[in-house]
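Q: Could you take a close look at one residue near the end of a helix, and then place it in the wider setting of the model? I would like one connected account that I can follow with the structure in view.

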Amino acid sequence: MSDAAIRIENLCKTYAGGKRALNDVSLDIPRGQIFGLLGPNGAGKSTMINILAGLVMKTSGAVSIWGFDIDERPRNAKRAIGIVPQEILFDPFFTPREALEIQAGLYGIPPSERRSDALLAAMHLTDKAHAYSRTLSGGMKRRLLVAKAMVHSPPILVLDEPTAGVDIELRKQLWSYVKQLNAQGVTVVLTTHYLEEAEELCDRIAIINHGEVVANEPTRTLIARAQEKAVVVTVDRDIDKVPEATCFDRIAQLDERTIEIGYRKDKVNAGEVLAAVQRDGLGIVDVRTRDPDLEDVFLSLTSEAAA
Ligand SMILES: Nc1ncnc2c1ncn2[C@@H]1O[C@H](COP(=O)(O)OP(=O)(O)OP(=O)(O)O)[C@@H](O)[C@H]1O
């Protein structure tokens with residue numbers, strides 16, 4: 001039996017119409033961690049989650065959840081995972097408590113073993129237990145979705161963009177619940193666009209871009225890469241030899257008189273970088289700085305992979 005919570009091997013998905021959303025993805029999500037799946041819009045995150053949830057058919061490759069292959073043991077695989085979807089979808093006429101009871105029924109959990117009240121309490125929804133779902137606020141609905149995903153006590157909880165459009169207060173509550181579940185041994189997987197969000201929570205992060213995994217490493221290592229800052233410098237003459245200096249992380253010539261220099265903002269400052277350019281005999285005409293973002297991390301990762 002695989003010791004990964006989720007093992008993905010050579011996973012490919014091409015949608016009808018020809019869009020290749022996942023391209024030979026292999027990824028182990030370790031048990032017991034909070035694992036972040038990051039990437040820009042359209043990277044393939046939801047496709048991956050939907051394959052795990054059994055909502056999208058993969059084109060090829062293998063996936064096992066808690067050691068159960070999704071093709072050979074689909075029921076066991078499904079029982080091992082709880083998924084909080086991106087879209088909020090409910091039957092508006094059920095109360096939160098009824099929604100949880102129905103969900104428990106779908107999993108065949110006998111009434112004596114159901115945990116509806118405990119889940120409502122954990123999600124701060126006890127006083128809404130008997131309200132119609134349609135009367136809940138957006139934040140309450142999202143918490144109810146988390147409770148629904150945990151009804152069958154799965155060892156893995158997956159949250160697809162849990163904080164999209166969610167206010168700060170709710171975000172904090174949600175994170176504290178996620179941390180609590182993780183401390184109790186639940187493996188958590190979350191997708192997000194936001195590096196900072198993943199930084200706060202995740203032990204490990206995989207970055208997916210254009211259907212491929214471009215990084216998969218402990219959060220600390222990845223964040224260090226985002227320490228790169230860039231200056232775009234225009235100089236007073238055509239550059240025949242690109243300057244070199246130990247304080248540059250990378251340098252690229254953009255046109256005859258413009259260069260972009262990446263440097264580690266935790267190690268050097270812009271002044272040192274510019275002084276190094278001037279030492280090479282180039283006069284500085286203009287300077288623009290850029291703050292690092294996820295794209296810079298992608299860039300530095302892909303250029304490293306190519307090196
Ligand atoms: N049902 C579908 N049919 C055809 N193409 C699809 C379908 N679902 C997704 N795609 C395409 O597959 C690619 C990956 O989409 P996916 O939703 O998995 O990305 P994502 O990383 O989850 O993005 P987002 O953060 O916006 O949800 C995109 O180009 C998308 O347009």
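A: Gln278 is found in helix α9, which covers residues 270-279, and the model in which we look at this residue is a predicted one. How exposed is Gln278, and why does it fall in that class? Its relative accessibility is 46%, and because buried means under 20% and exposed means over 50%, Gln278 counts as partly exposed. A long span separates Gln278 from Tyr177, since the C-alpha atoms of these residues are 53 Å apart in space, with their positions 101 residues apart in sequence. That span can be set beside the box filled by the C-alpha atoms of the protein, which is roughly 80 × 40 × 35 Å along the principal axes.

The helix that holds Gln278 belongs to a protein with ten helices and 14 strands, and of its 307 residues, 46% count as buried. Some residues in strands can be read in the way that Gln278 was. Pro218 lies in strand β10, residues 212-218, and it counts as partly exposed because its relative accessibility is 30%. For Pro218 and Cys202, the separation is 16 residues in sequence and 8.4 Å in space, from C-alpha to C-alpha.

Two further strand residues deserve attention for their backbone angles. Asn10 lies in strand β1, residues 4-14, and its phi is near 50 degrees, a positive value in a residue other than glycine. With a relative accessible area of 42%, Asn10 is partly exposed. Asp24 has its place in strand β2, residues 20-30, where its phi is near 60 degrees, again a positive value in a residue other than glycine. The relative accessibility of Asp24 is 44%, so this residue counts as partly exposed.

From there one can turn to the ligand, which is surrounded by 14 residues, the closest being Asn41, Gly42, Gly44, Ser46 and Thr47. By class, this shell is made up of four nonpolar, seven polar and three charged residues, and helix α1, residues 45-52, gives the most to it, with three residues. Several atom pairs show how the ligand is met by the protein. An N or O atom in the side chain of Thr47 is 2.5 Å from an oxygen atom of the ligand, whereas at Gly44 a backbone N or O atom lies 2.8 Å from a ligand oxygen atom. At Tyr15, a polar side-chain atom lies 3.4 Å from a nitrogen atom of the ligand. On its own the ligand has 630 Å² of accessible area, and the protein covers 64% of it.

The rings of the protein complete the picture. The structure holds zero aromatic pairs, yet there are charged side chains to inspect over rings: the charged end of Arg31 sits over the ring of Trp66, 3.8 Å from the centre of that ring, and Arg134 lies over the face of Tyr132, at 4.9 Å from the ring centre. To return to the residue that opened this account, Gln278 is partly exposed and sits in helix α9, with its C-alpha atom 53 Å from that of Tyr177.

Methods:
Residues are numbered from 1 along each chain as its sequence is written. This is a predicted model: local features need pLDDT of at least 70, side-chain atom pairs count only at pLDDT 80 or more; totals for chains, interfaces and linings use all residues. Side-chain values use heavy atoms; hydrogens and water are left out. A residue is near a molecule or strand if one of its heavy atoms lies within 4 Å of it. A polar contact is a pair of N or O atoms within 3.5 Å; within protein, one must be able to donate a hydrogen and the other to accept it, and residues adjacent in sequence count only if both atoms are side-chain atoms. Accessible areas come from the Shrake-Rupley method with a 1.4 Å probe; for residues, only the protein chains shown count as cover. Helices (H or I, at least four residues) and strands (E, at least two) are DSSP runs, numbered from the N terminus. Ala, Val, Leu, Ile, Met, Phe, Trp, Tyr, Cys and Pro count as nonpolar, Asp, Glu, Lys and Arg as charged, and the others, Gly among them, as polar. Rings of Phe, Tyr and Trp (its six-membered ring) pair if their centres lie within 6.5 Å; planes under 30 degrees apart count as stacked, over 60 as edge-to-face and the rest as tilted. A charge sits over a ring if NZ of Lys or CZ of Arg is within 6 Å of the ring centre and within 35 degrees of the ring normal. Buried means under 20% relative accessible area, exposed over 50%, partly exposed in between (1.4 Å probe, protein chains only).
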